[in-house]
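Hi,

Here's the structure I said I'd pass along. Have a look at it first, and my notes on the charged side chains follow underneath.

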Amino acid sequence: MSDLFKKAISLGLGLTVVSKEKVEKIVDDLVKRGELAPAESKALVNRLVERGEEEQSQIKSYIYEQVQRVLSDLDVPKESDVASLEQRIAALEKKVVELEGSRQE
């Protein structure tokens, strides 16, 4: 899983870095070589950037799901579990203070 995780992160970072600057350069090169009409270049850049963003979003979702699955497999408590325990501790501390107060009376 470690390799898959690293590949997913690298791909996501690659799409982020590549998206706007590199796509514009590649499309400009296509226009200069006459392989693409200048009028079509902006639309192509937009489509490619959108696709990169979609793929990046999918990779983020995949990574999030995998991290959640691993945390669940390892029985790592969620933030809500910790908050619930903090509330219970606070309630118990309050009762201890009340009981100690009643003993002194």
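To start with one residue: is Lys25 buried or exposed? Lys25 is exposed, because its relative accessible area is 53% and the exposed class begins over 50%. Bear in mind that this is a predicted model.

I picked Lys25 since its side chain meets that of Asp29 in a salt bridge, at 3.7 Å from N to O. The two sit 4 residues apart in helix α1 (residues 2-32), so about one helical turn separates Lys25 from Asp29. Asp29 itself is partly exposed, with a relative accessible area of 30%.

Helix α2 (residues 38-73) has a pair with that kind of spacing too: Arg51 and Glu55 are 4 residues apart there, which means about one helical turn between them. They form a salt bridge, and the closest N and O atoms are 3.0 Å apart. On accessibility, Arg51 comes out exposed at 52%, while Glu55 counts as partly exposed at 28%.

Then there's Arg33, which makes a salt bridge with Glu35; their closest N and O atoms lie 3.7 Å apart. Both Arg33 and Glu35 are exposed.

How many salt bridges does a search of the whole structure find? The total is 4, and among them are Lys25 with Asp29, Arg33 with Glu35 and Arg51 with Glu55.

Cheers

Note on methods: Residues are numbered from 1 along each chain as its sequence is written. This is a predicted model: local features need pLDDT of at least 70, side-chain atom pairs count only at pLDDT 80 or more; totals for chains, interfaces and linings use all residues. Side-chain values use heavy atoms; hydrogens and water are left out. Buried means under 20% relative accessible area, exposed over 50%, partly exposed in between (1.4 Å probe, protein chains only).
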